[in-house]
Structures are given as structure tokens and as C-alpha cells.
Amino acid sequence: MSLPSEPHQIPRPSCWRLKPLAVDGWDSSIKPAKERLTLGRSEDNDIVLDGEIYPSVSGHHSLIEFVDGELWVEDLGSRNGTYVDGETITRTTVNLGAQLQLGTIGPRFAVVSSEPLSQTMFVDPKSMQATMGKVSEKQVHDLVQRRTLRTYVGVTVLSAALITILVWWTRDTMRTNKGEMTAMQEEANTAQRERDAQVKDELRLARGVIKQLQELNAIHEEQRIERERERESLTQALRERVEERENAAVKLGERLVALEGDDAQGAEIQRLSRLIEETQADLQEARTQLTSFNPVNLEQARLAGVSHVRRTVVLLEVEVALVNSETMELLYLSRDSEPNFEGRGIPVIMESSGSGFCVDEGGWILTNAHVADPHQGDLLALASELPITTQISIYAVFSGTQERHHAELVKVADDDVDLALVRIDPFEGMPHLNDFNLASAAPEPGGDLYLLGFPLGNFALQEGRTVIASTFRGILSRIVDGSLQVDAGVHPGNSGGPITDPLGHVIGIVTSVQATPEQTAVYTIGYGIPIADATSIWPPPDTQPAEDE
């Protein structure tokens with residue numbers, strides 16, 4: 001008599017469940033309410049996992065479903081994959097005892113039974129009878145008891161081994177997570193310390209700049225008070241002169257009236273008439289001078305020349321691109337920092353800005369050489385083994401406008417003088433200096449001057465796309481080693497802008513800012529190049545007058 005075949009275990013929708021293996025937020029076993037479960041970070045999943053604790057879990061990571069008597073696990077296109085018993089899967093069947101893991105370090109679950117052990121086997125007596133023929137009920141009962149005992153012993157051994165593995169894995173995971181948490185906390189503490197140190201350095205620098213500005217303001221205030229005293233003294237002297245001339249004119253008039261009708265005093269009358277005319281002319285001149293010493297008139301006259309220069313100031317935007325020296329194709333840098341000409345990644349372009357000013361109706365603009373022709377060594381080092389060269393594009397935007405004019409670098413000054421000449425196509429109404437020359441002398445140290453330009457370029461506050469040049473008032477501190485030291489606000493982006501005296505005569509060009517031994521910029525001390533040093537680039541050949549033959 002042949003024995004019946006081995007009973008087949010089948011996990012049914014009503015008799016399987018997921019057991020979380022040390023999963024945060026899920027302490028008890030999960031019994032499915034339907035034949036289909038989804039797992040992931042999104043709220044519409046049946047099992048929602050915390051994204052902050054498990055960042056490797058995708059929004060919709062895995063699917064578990066019961067189809068045609070079999071339990072299936074499917075990966076839903078997750079970023080880090082789904083693993084069954086340590087093997088990555090796309091879609092596969094699983095049995096009781098299988099372990100499911102979301103990603104290589106993500107949460108784990110075990111597929112276990114939700115029924116008592118006595119109900120984990122199904123033996124159909126009718127099918128057994130069909131196989132065995134006529135079998136007694138006692139034989140069937142004994143067979144079921146033996147199979148049940150074997151299953152119970154096997155499951156007990158398997159459960160004990162599984163529990164041992166789970167305990168070891170949990171302890172190891174906790175140690176690993178604790179180590180990772182400690183390392184992450186240490187990295188966060190280090191980053192916080194670096195940020196705190198940076199903030200302290202910035203605060204220290206800000207306090208230094210504020211102190212320098214306060215000192216500079218105090219000096220300016222003392223100078224303003226002194227100028228005010230001198231103006232008051234001169235004004236008082238002119239008032240006294242006007243009063244004295246008025247009194248003299250009245251006395252002469254009285255004497256003239258007394259002599260009228262006396263023919264013998266004709267010569268004296270003519271002399272008095274001439275003196276009255278001279279006195280009135282002197283009085284008119286004194287009144288004019290007194291009016292010119294009015295503070296409002298003086299300030300308006302002072303700013304008129306500076307305002308004219310400001311209209312000629314331009315923002316220079318410079319783009320330096322790396323291109324193939326043979327095909328002129330643009331160089332790109334891929335995500336893995338690989339230079340290429342196939343358009344992978346981002347183009348290698350260095351952008352910078354500075355200032356300049358239009359000195360002639362032909363569209364000629366003076367600026368610094370380091371503005372119009374910036375250093376390119378760092379760019380060329382990116383792809384030193386490729387056939388590359390640089391391509392420079394320059395655009396000029398006049399103060400008070402937003403139109404960009406393409407400019408061409410024409411010449412760089414000789415003898416290491418940081419000056420350059422660029423040119424744009426002239427247009428109707430183009431602002432430019434009148435009668436520009438290189439003979440304007442600098443004032444004496446302590447004299448007022450003005451710096452014009454675009455500090456910080458487009459990063460500074462502007463009126464939409466319309467750029468407005470800034471004006472800084474300061475003093476000429478000294479002339480040292482052929483450079484003008486100016487005590488005024490000098491910032492990145494001011495380079496190439498004009499330095500003028502109070503009447504608007506250009507006396508120099510801004511070139512640099514003072515730095516401390518720690519390479520910290522001192523923005524209240526700057527340096528300029530005397531305008532006379534531009535002789536090697538101005539006037540350009542096509543604007544120089546022809547020599548007499």
C-alpha cells in the first residue's frame with residue numbers, strides 16, 4: 001500500500017502576516033486586511049515608513065500580493081532595490097519564513113503564519129482515499145498526527161534558529177546604527193563649530209570695517225567743520241566789503257548831489273561820477289562772490305562736474321569661456337568633473353564684472369587690464385591635456401540704462417600698468433567725457449575726491465535690470481610709489497572706475513583695495529592709478545592728430 005504524497009503548505013490571505021524585524025514605528029505583526037499590500041514612505045501606502053529614519057526607502061518601494069494561491073513580492077522601481085532572503089528581486093514568489101528587506105540597509109520584515117500550528121497543514125481525506133483506496137479513519141488520523149509532529153519540530157527548530165539570528169542581527173544593527181549616529185553627530189558638531197568660527201570671523205571683520213568707517217566719518221566731519229568755518233569767515237569778509245562799498249556809494253552820491261549846479265566844480269563832478277561807477281562795479285562783484293559762497297550754490301557747482309562723469313561710467317560684464325582651439329566648440333565639465341566637448345554637464349565659463357568710463361565720442365572706454373583681460377590660469381588648468389584656448393566676451397552697460405553693448409579689447413597698457421582700452425560702437429546720445437585729457441593733476445593730500453563705479457556688479461541693489469553707478473566721497477590720503485591712496489569706500493567691482501576731483505576732472509582710475517597680512521580686505525583704503533599713466537594707450541592711433549609734414 002502506497003503512502004499519500006507530502007501535504008503542501010500554502011500561505012492563504014487569511015493565514016499569513018508580516019513580522020517587523022526591529023522596524024521603528026512598527027512593533028507588532030502586520031496582518032493584511034486585503035490580498036495586496038504596498039510598502040514605502042508615501043502616505044498612500046498600506047505600510048508607511050518614516051523617511052527621516054529610513055531615507056533609503058522610496059515613496060512606493062515594494063508590493064506584496066496573493067495571486068492564484070501564491071504569495072508574490074514585487075519591487076516597484078525603487079531607488080535601492082528590494083531583497084528577499086538577501087537576493088535582489090524584481091518579482092518573485094515567497095514562502096513562510098522568507099525575509100523581505102527594502103534596500104541594503106533598510107527595514108526588514110519576515111513572512112510568518114497567523115494560524116495555530118495545527119492548522120498550518122491541510123490534508124484532504126477524500127483525495128487520500130482516491131490515492132490509497134480504502135483507508136481506515138484511524139490510519140488517516142495517525143498519519144496526520146505524525147506529519148503534524150514532524151512539522152511542529154521543524155518549525156520549532158527553525159524558529160529557534162531564526163530568533164538567534166534576529167537577536168544577533170539586531171545587536172549588530174544597533175551597534176552599527178549607534179556608530180553611524182555618533183559619526184553623524186560628530187560631523188554635525190564639526191560643521192557647527194566651523195559655522196560658528198566663520199560667523200565670529202565675519203563679525204570681527206564687520207566690527208573692524210565699522211570702526212574704520214566711524215574713524216573716516218569723524219575725519220570727514222572735522223574737515224567739514226573746518227571748511228564751514230573758512231566759508232563763514234570768507235562770507236563775513238564779503239558781507240563787510242559789500243557794506244563798505246554800499247556806504248561809499250551813498251557818500252559819493254551825496255557829494256555829487258551837493259555839487260550839481262556849480263559850474264566851477266565840473267571837473268570834480270566828473271571825478272565823482274567815475275568813482276561812483278567804479279564803486280558800483282566793485283559792489284556788484286562783491287555781491288556775486290557773496291552769492292557764490294552760498295552753501296547750496298557751492299554744493300550744486302561741486303556736484304555738477306561729478307554728475308557729468310557719472311553718466312559716462314559703464315558696468316563691464318566679462319565672460320571667459322574655454323573652447324576647442326581647432327573647432328571652437330565650447331568646453332563642458334561633466335558631473336564626474338570630466339572635461340568634454342560633447343555638451344555633457346555645464347559649460348566652463350568664468351564670469352566677472354568691473355567698471356569703466358567712456359572718454360570719447362568714438363566709443364572708447366578706459367578700465368583696468370585685470371577687468372577686461374582677467375587671469376585665466378585656473379581655467380586652463382581644468383583641461384591642460386586638451387587642445388583649448390580662451391574666448392573673451394565683454395559687454396558694457398551705461399549707468400542709468402539696461403542695454404548691453406558688445407565691447408572689444410583693443411589694447412593693454414605697457415610696463416605692467418593695470419590699464420586697458422576697450423571700444424564699443426558709438427550710438428546717438430552716447431554719454432562721454434568732453435575734452436578728456438591726461439593732464440589733470442591730483443589735489444594735495446587731504447583734498448576731496450570722488451570714486452565712481454559698480455561695487456559688487458549686478459549683486460548690488462539695482463532698479464530692476466537698470467544699473468545705477470555708485471558715488472563714493474573720500475580724501476586723497478597720500479601719493480606713494482606712483483599710486484593714489486584714497487580713503488573712501490572701495491569694493492570688488494569698483495576696479496576700472498574713474499577718480500575725480502570736486503570739479504569733475506578725472507585724476508585717476510581705481511585699481512585695488514588694501515589687504516591685511518591675513519588677506520582680509522580693508523574696504524576704506526584703496527589705490528588708484530594716476531590718469532597720466534594712461535599715455536601708452538591714450539589716445540589710440542586712429543584718434544591721434546596727424547603730424548605736420
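1. In this predicted model, a charge-over-ring contact involves Arg423 and Trp364: the charged end of Arg423 sits over the ring of Trp364, at 5.3 Å from the ring centre. A further arrangement of this kind is found for Arg404, whose charged end sits over the ring of Tyr395, 4.1 Å from its centre.

2. The strand S19, which spans residues 420-424, deserves attention together with its neighbours. S19 is mostly covered, in that four of its five residues are buried. Strand S16 (residues 364-367) pairs with S19 in the antiparallel sense, and four bridges connect them; within this pairing, Thr367 has Ala420 of S19 as its bridge partner. Strand S18 (residues 405-412) also pairs with S19 in the antiparallel sense, here over five bridges, and in this case Ala407 stands opposite Ile424 of S19.

3. The aromatic side chains should be read alongside these strands, since the structure holds three aromatic pairs. One of them is formed by Phe357 and Phe436, an edge-to-face pair with 6.4 Å from centre to centre and 75° between the planes. This pair links distant parts of the chain, with Phe357 in strand S15 (residues 349-358) and Phe436 in the loop between S19 and strand S20 (448-453), 79 residues apart. Are these two rings buried or exposed? Phe357 has a relative accessibility of 0% and therefore counts as buried, and Phe436, at 15% relative accessibility, counts as buried because the cut-off for that class is under 20%.

4. Another edge-to-face pair is that of Phe398 and Phe427, whose rings are 5.8 Å apart from centre to centre, with 80° between the planes. Phe398 lies in strand S17 (residues 388-398) and Phe427 in the loop between S19 and S20, so this pair ties together parts that are 29 residues apart in sequence. The two partners fall into separate exposure classes: Phe398 is buried, with a relative accessible area of 2%, whereas Phe427 is partly exposed, with a relative accessible area of 32%.

5. On the grouping of these rings, Phe357, Phe436 and Trp538 form one aromatic cluster. The description of the Phe357 and Phe436 pair as edge-to-face can thus be read together with the membership of Trp538 in that cluster.

6. A closed barrel of six strands is present, running in the order S20-S21-S22-S25-S24-S23 with antiparallel pairing. Neighbouring strands of this sheet are turned against each other by 45° on average, direction ignored. Within the barrel, strand S24 (residues 506-515) and strand S25 (residues 521-530) run antiparallel and are joined by seven bridges. One point of register that can be checked directly in the model is Gly508, whose bridge partner in S25 is Pro530.

7. An open sheet is formed by five strands in the order S1-S10-S9-S6-S7, and the pairing here is antiparallel. Its edge strands are strand S1 (16-21) and strand S7 (87-89), each of which pairs on one side only. The average turn between neighbouring strands of this sheet is 35°, direction ignored. S1 and strand S10 (residues 108-113) run antiparallel and are joined by six bridges; for inspection of the register, Leu21 has Arg108 as its bridge partner in S10.

8. Which exposure class applies to Arg335? This residue lies in the loop between strand S12 (332-333) and strand S13 (339-340). With a relative accessible area of 89%, Arg335 is exposed, because that class begins over 50%. The C-alpha atoms of Arg335 and Ile346, which are eleven residues apart along the chain, are separated by 8.3 Å.

9. Finally, some values for the chain as a whole place these details in context. The chain contains six helices and 25 strands, and buried residues make up 36% of its 549 residues. Of the contacts in the chain with a separation of 6 or more, 61% are accounted for by residues 24 or more positions apart. The accessible surface comes to about 32800 Å², and 52% of this surface belongs to carbon and sulfur atoms.

Definitions and conventions:
Residues are numbered from 1 along each chain as its sequence is written. This is a predicted model: local features need pLDDT of at least 70, side-chain atom pairs count only at pLDDT 80 or more; totals for chains, interfaces and linings use all residues. Side-chain values use heavy atoms; hydrogens and water are left out. Two strands pair if DSSP finds at least two bridges between them. Helices (H or I, at least four residues) and strands (E, at least two) are DSSP runs, numbered from the N terminus. Axes are lines fitted to C-alpha atoms, for helices over the stretch in contact, and angles run from 0 to 180 degrees between N-to-C directions. Buried means under 20% relative accessible area, exposed over 50%, partly exposed in between (1.4 Å probe, protein chains only). Contact means heavy atoms within 4.5 Å. Accessible areas come from the Shrake-Rupley method with a 1.4 Å probe; for residues, only the protein chains shown count as cover. Rings of Phe, Tyr and Trp (its six-membered ring) pair if their centres lie within 6.5 Å; planes under 30 degrees apart count as stacked, over 60 as edge-to-face and the rest as tilted. A charge sits over a ring if NZ of Lys or CZ of Arg is within 6 Å of the ring centre and within 35 degrees of the ring normal.
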